[in-house]
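Me: I would like to go through this structure with you, one topic at a time. Could we begin with how the strands are arranged?

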Amino acid sequence: MSLVLFPKPQRQSGGGGCPPNSLALQNSLRLSPVELDPDCSKEDSGGQSSCNSDSAVLAQEAVVSLAEENVHFSTVDSPRAPRPPFTGSNSPSTSGQFTLDGVGFEGSLLKKKGFSDGLINTLLKSRKNSTTNIYVRIWRKFMSVSGSVMGQKANIPKILEFLQRGLEMGLATSTLRVQVSALGALYNCGLAKNYWIARFIKAAARSRPIVKERLAPWDLNLVLSALTEPPFEPLESASIKILSLKTALLVALTSARRVSDLQALSRLTPYMQIREDRVVLRTDPLYLPKVVSKFHRLQEINLPTFCPNPKNPKELKLHTLDVKRCLLKYISLTDPWKKDNSLFISYQGVRKGFRVSKNTLGRWIREAISLAYSAGGLQVPEGVRAHSTRAMATSWAERSEVSIEDICKAATWSSPTTFFNHYRLDLGGSSDLTFGRRVLEAVVPP
């Protein structure tokens, strides 16, 4: 007998292609004479099934097990973006009441443990939203190939196979560690301490050693020199775009902070203090840094003045790099049309006056570096990143004999190991050639 089907539901926008949570009684039925197509579970590059959508297919094990647990999947990624082959099938359950949006799904897990709503709301604040979104994508991928995890203990073989797929796809060891952390949060256990998972991560690190870039990605002296010349100077005639780029770059270099920290800076009086010899900045109290601790949340950013009272042409040129001067000019020009108390605000478009995103602020820093090279008629280095300002600033500070304690305090590193292992650049230049030259000079002419 042919399989019985309800009429094909209409596609709804904004729901990731998912059918409604409940199906009302339909007035008619459709009979499908089409046999099961073994290729129906595959997806083409556009995310659409290549088989007959009206044919009845047997639900995959992962979908059945998830439906039995009343969990409803919703697409986290953009529905227009092509899905990587590793995500697998992600068919929704029509009987679910939770969505896999991080908060809803994790809340359902905690609810099954008997936790109250107030306790659940508190526990869900333990991670940043960005971290939760990353975990959600990993949970989706893992469940699409492993099935339900509700009420189950961690299945180490399945987790190792999941990690092995990622390793074969070329994922970095750091990404695999994030996946282990996400799955540990899913199962509420410390997977990183498991013997087999720790052994797998160690093997992955040995098979793919990290190649660190020790050379400076761009010339700091060249960029700073360009900031003292047109189009960055004179500051009074510079456009608001140029002023924004220069101010963002100088603040990034003199603070050695992450772009996310710079985005959270406030221009309100309690959090920004203009003093005679410095500008003291602090982030918004609601901002959660990468490392949430009292040390990182209460750390001030002190930006010193530079040649505040120039007396000759050389000092006058150096004064153009004074970050306090640029900040005061930037604030005076943007205050009349600001719609946000953030320090860095957008200067154009529908977002004019509102706080810029981290991506936009990073683009400002990269564009300032590129414009400095272009102004001198030089080719812009490839792969310039806004995050490189942290390595550049701290490495030059060390070369200028700044103590490692002061460097770590400015960059909010709790240990010098972070600087030496990840940020220290080779700025030796020709001095590194001394050893080899001394060896060659030992030759005795015949």
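Reply: A definition comes first: two strands pair if DSSP finds at least two bridges between them. Please also keep in mind that this is a predicted model. Strand β6 (residues 278–281) and β7 pair in the antiparallel sense over four bridges.

Me: Which residue of β7 is the bridge partner of valine 279?
Reply: The partner of valine 279 in β7 is leucine 303.

Me: And what is the strand order in the sheet?
Reply: The order is β5-β6-β7, in an open sheet of three strands with antiparallel pairing. Its edge strands are β5 (272–274) and β7 (301–304), each of which pairs on one side only. On average, neighbouring strands of this sheet are turned by 15 degrees against each other, direction ignored.

Me: Let us turn to helices. At what angle do α8 and α14 cross?
Reply: The axes of helix α8 (residues 220–227) and helix α14 (residues 358–375) cross at roughly 80 degrees and come within 9 Å. Angles from 65 to 115 degrees count as roughly perpendicular, so α8 is roughly perpendicular to α14.

Me: Which residues make that contact?
Reply: From α8 they are Leu222, Val223 and Ala226, and from α14 they are Ile369, Ala372 and Tyr373. By class, the residues of this contact divide into six nonpolar, no polar and no charged.

Me: What about the loop after α8: where are the cis peptide bonds?
Reply: One cis peptide bond joins proline 230 and proline 231, with omega about 5 degrees. Another joins glutamate 233 and proline 234, where omega is about 0 degrees. Proline 231 is found in the loop between α8 and α9 (240–255), and proline 234 also lies in the loop between α8 and α9.

Me: Why single those out?
Reply: Because most peptide bonds are trans, and most residues other than glycine have a negative phi.

Me: Which residues have a positive phi, then?
Reply: Among them is asparagine 188, with phi near 55 degrees, in the loop between α6 (173–187) and α7 (195–207). Threonine 412 likewise has a positive phi, of about 55 degrees, although it is not a glycine. The place of threonine 412 is in the loop between α16 (404–410) and α17 (416–423).

Me: Is threonine 412 buried or exposed?
Reply: Threonine 412 has 5% relative accessibility and so counts as buried, the cut-off being under 20%. Asparagine 188, by contrast, is partly exposed, with a relative accessible area of 46%.

Me: Now the interior. Which residues touch the most other members of the largest nonpolar core?
Reply: They are Trp218, Leu281, Phe344, Trp364 and Ile365, out of 57 residues in that core. Helix α9 gives the most to this core, with nine residues. A second, separate core of 25 residues includes Trp139, Leu167, Leu183 and Ile201.

Me: What does isoleucine 365 touch?
Reply: Leaving aside residues up to four places away in sequence, isoleucine 365 touches Ala248, Leu249, Ala252, Val259, Leu262, Ala386 and Thr389.

Me: One last residue: where does methionine 392 lie?
Reply: Methionine 392 lies in helix α15 (residues 388–399) and counts as buried, at 0% relative accessibility.

Me: And which residues does methionine 392 touch?
Reply: Again leaving aside residues up to four places away in sequence, methionine 392 touches Ala216, Pro217, Trp218, Leu220 and Leu425. The C-alpha atoms of methionine 392 and alanine 216 are separated by 7.1 Å, although these residues are 176 residues apart along the chain.

Notes:
Residues are numbered from 1 along each chain as its sequence is written. This is a predicted model: local features need pLDDT of at least 70, side-chain atom pairs count only at pLDDT 80 or more; totals for chains, interfaces and linings use all residues. Side-chain values use heavy atoms; hydrogens and water are left out. Axes are lines fitted to C-alpha atoms, for helices over the stretch in contact, and angles run from 0 to 180 degrees between N-to-C directions. Helices (H or I, at least four residues) and strands (E, at least two) are DSSP runs, numbered from the N terminus. Angles under 35 degrees count as roughly parallel, over 145 as roughly antiparallel, 65 to 115 as roughly perpendicular and the rest as oblique. Contact means heavy atoms within 4.5 Å. Ala, Val, Leu, Ile, Met, Phe, Trp, Tyr, Cys and Pro count as nonpolar, Asp, Glu, Lys and Arg as charged, and the others, Gly among them, as polar. Buried means under 20% relative accessible area, exposed over 50%, partly exposed in between (1.4 Å probe, protein chains only). A nonpolar core is a set of buried Ala, Val, Leu, Ile, Met, Phe, Trp, Tyr and Cys residues joined through side-chain atoms within 4.5 Å.
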